[in-house]
Amino acid sequence: MFNFLKGVVSGSGTGLKDLPYNIGEPYSSAWGSWVHYRGTSKDDGTPVSIFALSGSNTNDGHLAAGRNGVKRLRTVRHPNILSFLHSTEAENFDGSSTKVTIYIVTEPVMPLSEKLKELGLKGTQRDEYYAWGLHRIAKAVSFLNNDCKLVHGNVCLASVVVTQTLDWKLHAFDVLSEFDGHNESSVGPMLQYDWLIGAQYKSMELLKSDWTTIRKSPPWATDSWGLGCLIYELFSGTKLSKTEELRNTVSIPKSLLPDYQRLLSSMPARRLNSSKLLENSEYFHNKLVETIQFMEILNLKDSVEKDTFFRKLPNLAEQLPREIVLKKLLPLLASALEFGSAAAPALTALLKMGSWLSTDEFSVKVLPTIIKLFASNDRAIRVGLLQHIDQYGESLSAQVVEQVYAHVATGFSDTSAFLRELTLKSMLVLAPKLSHRTISGSLLKYLSKLQVDEEAAIRTNTTILLGNIASYLNEGTRKRVLINAFTVRALRDTFSPARAAGVMALCATSSYYDVTEIATRILPNIVVLTIDPDSDVQSNAFQAVDQFLQLVKQHHEKTSTGDTSTASMGTSSMPGNASLLGWAMSSLTLKGGKSFEQSPNAPASSTVPLTSAVPDASSNSSGITPIHVSSSIDMTDQPVPVSPTSTDGWGELENGIHEGHDNDKDGWDDIEPHEEPKPSPSLANIQAAQRRPVSQPKSQVTGLRGNITPKVTKNEDEDLWGSIPASAPAPRTSSQPSSSRASRPVDDDDPWGAIAAPAPSSKPLNVKKGGALDDSDPWAAIAAPVPTAKARPSVGRGRGNKPTVPKLGAQRINRTSSGM
């Protein structure tokens, strides 16, 4: 029965063999007769601390005190008291004698004296850390004295240990006893094991064993004296050897000195209560203590306080001790973000602190939190993750990237243009680690939609991104996507930086095209841009023409000499190839983190000048100037192109594309190569034609066709813009019979479809029978003349001489020949 009760009181195990922990190397110091060992769990290798106390027999006084300490440590729980995990008592037979050892397993800790030497803090940072540690111990002592009515009895430097997060914790409960001062019948020692306390740590009344005075004193009197001893040892850097040394106050900070003297008062009743020390001492009012306290009660703060705190935290962290920031603040911050109690600005502080860690530590302490945050629905959190993805993107494994891509991809279709832009930018980091299946089956579909986005800058950056990730596409996907994306869309864009980006992307990916594609699909589209209204696009186009012509010449020379080697058609010496990545990163920059807000109804005078610089043919590989896209561009004069490509993909274009197209396609694979490309005028001619007055339609037609008077259908006064294709075909160089095109559908994939028709020429018009839509009508894509006071001659049926008011905007007029 005695052995059973002893096991219940002293331990939770039956012996050393049953201890589920491995005992490692001991520390050089520990409290009393205990030995402090490093240890690990046998199950998962988790680090622990193991304290061992040995005695010659079961009745040894040290073992009895040790059992008291085990019982107290197991039952008393507080954040600033050492956490108990396991205990056991083992007997070892050594010849004729028996040796009994008590083992206590706790959270991993280190003696305070050794940890202070390891940290080596100096000056203000040392004082701030000492203040934080003393604050923790004072709270533990206050809890024992005021809340539990217990007396620790031996608070000193040896009774304090430090956790892995640099928190100070109180232990050594062998002397711990209840305070029985209110019990008048109590006699004898209140502290049963007071003989374990060193004489230098005893107050005068305890040294004299004046238990009557001790019982009449406040419960905190004995431990307040111990706090004074701890403060002396802490700041003097030496172990207290005799009580008289406490009078030496040279090393004590001035802000702490009055409280230190009150803690060591010769009158027990006048000693300072540890709770009052926490409330009134100026010493504890510093940045480190206030920062950690704020983090620990974060759930009690309102959103304004949180936002203000986290915005200041990155700069504040630089002023605090680095070790404490990384081991204490960083885990608190990661936990707050993970469980939703921290605001979005906390992510900036987390990543800044994480940048001070090694790669391995970052992967363990920060990366798991970031991965969990990708699933957050908080838009501010998502923006923060994408804005700083370059700081942690390299640490993401391919498996993790595939895992978070599903969450990141939701930003492609977000209603916020800024979030769509950030999602696009993030692909520069994530795409290299995505599988070919994900790129072809998902990413390219999103990019197909973004290339017809309403925001001009997003369309531009999508082209840039495609040029950057081209090397991660397989050969079949490159052939199906790149030329269509760069020529059919980018080169036809009304936004000049988008056209420049298309030209540069073609140059950067020149190694992926064969000579037939260059001659029939690339060069015809680039040549048109040599007369682009934007000078930068022109110079870039000339450079590209030179590059691709050089590739064609090289192919000709090889074939003429009989060389059939399949060398790469591309050239790495061209500026586009050399610096596209850096150029793309500069281009993918938004001002102030604001989304693009375009106002199509704003006056032209409010247009912000667009800075676009593209390298000319004479620039070297390091002289590329990035295309800067302002976040406040007014697109009044250059509206977003309205075309069949404004849908989610290429499925609704012509040439046999139906609504039931294969969903696995990425949006570019159904574009047919255009045939017989013809040169067209520049966009500047269109804009000029839209602004200048034009003579009456009758006289215009008469000048072109002699005495032919066009017939206008009864729908003349209706707005016909919606029935006209967004991109009218360019005029042919020779006239064709109208009957040859009567049953032919309009070719929206004509490479010149997005470029306006030229001004009227003296060549005859092609006329269709029955008032059908004429693809060769030179006025099809040119805006109607500006309104004038002069009435237009009446044409059409049943209108008499009633004047007709001209309408604004582009209108198409069905005409028939006079002989029909």
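This passage describes the overall make-up of a predicted model, then one helix pair and three single residues.

The secondary structure of the protein consists of 28 helices and ten strands. Of its 820 residues, 52% are buried. Among the contacts with a separation of 6 or more, 71% join residues 24 or more positions apart. The exposed surface of the protein comes to about 38,000 Å², of which 51% is supplied by carbon and sulfur atoms.

Two packed helices are described by the angle between their axes and the distance between the axes. Helix α10, spanning residues 287-296, packs with helix α11, spanning residues 303-319, at an angle of about 140 degrees. The axes of α10 and α11 lie 12 Å apart. Because of this angle, α10 is oblique to α11, the oblique class ending at 145 degrees, over which a pair counts as roughly antiparallel. The crossing of the two helices is left-handed. On the α10 side, the contact is made by K287, T291, F294 and M295. On the α11 side, the contributing residues are E305, K306, F309, F310, L313, L316 and Q319. By type, the residues of the contact of α10 with α11 comprise six nonpolar, three charged and two polar.

V48 belongs to strand β3, which covers residues 47-55. With a relative accessible area of 6%, V48 falls under the 20% limit and is therefore buried. Apart from neighbours within four places in sequence, V48 is in contact with Y21, L85, V105, T106, E107 and P108, and also with Y37, R38, G39 and T40. One of these partners, R38, is ten residues from V48 along the chain, and the C-alpha atoms of the two are separated by 6.5 Å.

Backbone geometry was also examined at two loop positions. Most residues other than glycine have a negative phi. A172, however, has a phi near 60 degrees, a positive value in a residue other than glycine. A172 is located in the loop between β9 (168-170) and β10 (177-178). The relative accessibility of A172 is 8%, so A172 counts as buried. A positive phi is also found at S209, where the value is near 55 degrees. S209 sits in the loop between α5 (204-207) and α6 (211-216). The relative accessibility of S209 is 37%, which lies between the limits of 20% and 50%, so S209 counts as partly exposed.

Conventions
Residues numbered from 1 in each chain as written. Predicted model: local features only at pLDDT ≥ 70, side-chain atom pairs only at ≥ 80, totals over all residues. Heavy atoms only, no water. Axes fitted to C-alpha atoms, helices over the stretch in contact; angles between N-to-C directions. Helix = DSSP H or I, 4+ residues; strand = E, 2+ residues; numbered from the N terminus. Parallel < 35°, antiparallel > 145°, perpendicular 65-115°, else oblique. Left-handed = near helix turned anticlockwise from the far one by under 90°. Contact = heavy atoms within 4.5 Å. Nonpolar A, V, L, I, M, F, W, Y, C, P; charged D, E, K, R; others polar. Buried < 20%, exposed > 50% of the residue type's maximum accessible area, 1.4 Å probe, protein only. Areas by Shrake-Rupley, 256 points an atom, 1.4 Å probe, with all protein chains shown as cover.
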